Amino acid sequence: MNALWAYVREQIITQPKFVALKTGIEQLAWLRDLVEPEPSPTLRAVGDEYFNRPDLSEKEANSCRRTWSDFARSVGVATLRELKPELVAQWGANGMKSDT
């Protein structure tokens, strides 16, 4: 079985367009051009960016912090990349706690 995977690896590296054509996975043709993605922003960093806006009153910032904290705890993920629409919808369906 290891020989099979070694062969598949070699083919992807040496003939990416051919493998893409034969497998129907077009992304294999440009796999070598991919760059490693930058780290995803954390929910904490996104919140902090918003809370530190100069046009936000202290009262608004505190209210937003409470809501954002509830949201972040509720969805159970640390980064934006992990956040899925279903998690946001579930949070909304559960009553979106907010002190506004």
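What follows is a friendly conversation about contacts, salt bridges and burial in this predicted model.

Reader: Let's begin with two helices. Why are H3 and H4 called roughly antiparallel?

Author: Their axes cross at roughly 170°. Angles over 145 degrees count as roughly antiparallel, so H3 and H4 earn that description. The axes come within 10 Å.

Reader: Which residues make that contact?

Author: On the H3 side you will find Leu-43, Val-46, Gly-47, Tyr-50 and Phe-51. H4 brings Ala-61, Cys-64, Arg-65, Trp-68, Ala-72 and Val-75. These residues divide into nine nonpolar, one polar and one charged.

Reader: And what makes H4 and H5 oblique to each other?

Author: H4, residues 58–75, and H5, residues 85–93, pack at an angle of about 120°, with their axes 10 Å apart. Roughly perpendicular covers 65 to 115 degrees, and roughly antiparallel begins over 145. An angle of about 120° falls in neither range, so the pair is oblique. H4 passes H5 in a right-handed crossing.

Reader: Which residues of H4 and H5 meet there?

Author: From H4 come Thr-67, Asp-70, Phe-71, Ser-74 and Val-75, and from H5 come Leu-87, Val-88 and Trp-91. Sorted by type, the residues of this contact are five nonpolar, two polar and one charged.

Reader: Now to charges. How many salt bridges does the structure hold?

Author: It holds two. As background, side chains of opposite charge can pair when their charged atoms come close.

Reader: How do you know that Arg-53 and Asp-55 form a salt bridge?

Author: The closest N and O atoms of Arg-53 and Asp-55 are 2.5 Å apart. The cut-off is 4 Å, so this pair qualifies.

Reader: Are those two partners buried or exposed?

Author: Arg-53 has a relative accessible area of 31%. Buried means under 20% and exposed means over 50%, so Arg-53 is partly exposed. Asp-55 has 55% relative accessibility, so Asp-55 counts as exposed.

Reader: What makes the pairing of Asp-70 with Arg-73 a salt bridge?

Author: Their side chains meet at 3.9 Å, N to O, and the limit is 4 Å, so the pair counts as a salt bridge. Asp-70 and Arg-73 are three residues apart in helix H4, which means that about one helical turn separates them.

Reader: Why is Asp-70 called buried, and what is Arg-73 called?

Author: Asp-70 has 8% relative accessibility, so with a cut-off of 20% Asp-70 counts as buried. Arg-73 has a relative accessible area of 58%, so with a cut-off of 50% Arg-73 is exposed. Asp-70 also belongs to the H4 side of the contact with H5.

Reader: Let's look at single residues. Why is Phe-51 called buried?

Author: Phe-51 is found in helix H3, residues 43–51. Its relative accessible area is 10%, which is under 20%, so Phe-51 is buried. Not counting residues up to four places away in sequence, Phe-51 touches Leu-56, Ala-61, Cys-64, Arg-65 and Trp-68.

Reader: What makes Arg-65 partly exposed?

Author: Arg-65 has 35% relative accessibility. That value lies between the 20% and 50% cut-offs, so Arg-65 counts as partly exposed. Arg-65 is found in helix H4. Leaving aside its neighbours within four places in sequence, Arg-65 is in contact with Phe-51 and Asn-52.

Reader: Where does Thr-79 lie, and why is Thr-79 called buried?

Author: Thr-79 lies in the loop between H4 and H5. Thr-79 has 17% relative accessibility, under the 20% cut-off, so Thr-79 counts as buried. Not counting residues up to four places away in sequence, Thr-79 touches Ser-40, Pro-41, Thr-42 and Leu-43.

Note on methods
Residues are numbered from 1 along each chain as its sequence is written. This is a predicted model: local features need pLDDT of at least 70, side-chain atom pairs count only at pLDDT 80 or more; totals for chains, interfaces and linings use all residues. Side-chain values use heavy atoms; hydrogens and water are left out. Axes are lines fitted to C-alpha atoms, for helices over the stretch in contact, and angles run from 0 to 180 degrees between N-to-C directions. Helices (H or I, at least four residues) and strands (E, at least two) are DSSP runs, numbered from the N terminus. Angles under 35 degrees count as roughly parallel, over 145 as roughly antiparallel, 65 to 115 as roughly perpendicular and the rest as oblique. A crossing is left-handed if the near helix is turned anticlockwise from the far one by less than a right angle, and right-handed if clockwise. Contact means heavy atoms within 4.5 Å. Ala, Val, Leu, Ile, Met, Phe, Trp, Tyr, Cys and Pro count as nonpolar, Asp, Glu, Lys and Arg as charged, and the others, Gly among them, as polar. Buried means under 20% relative accessible area, exposed over 50%, partly exposed in between (1.4 Å probe, protein chains only).
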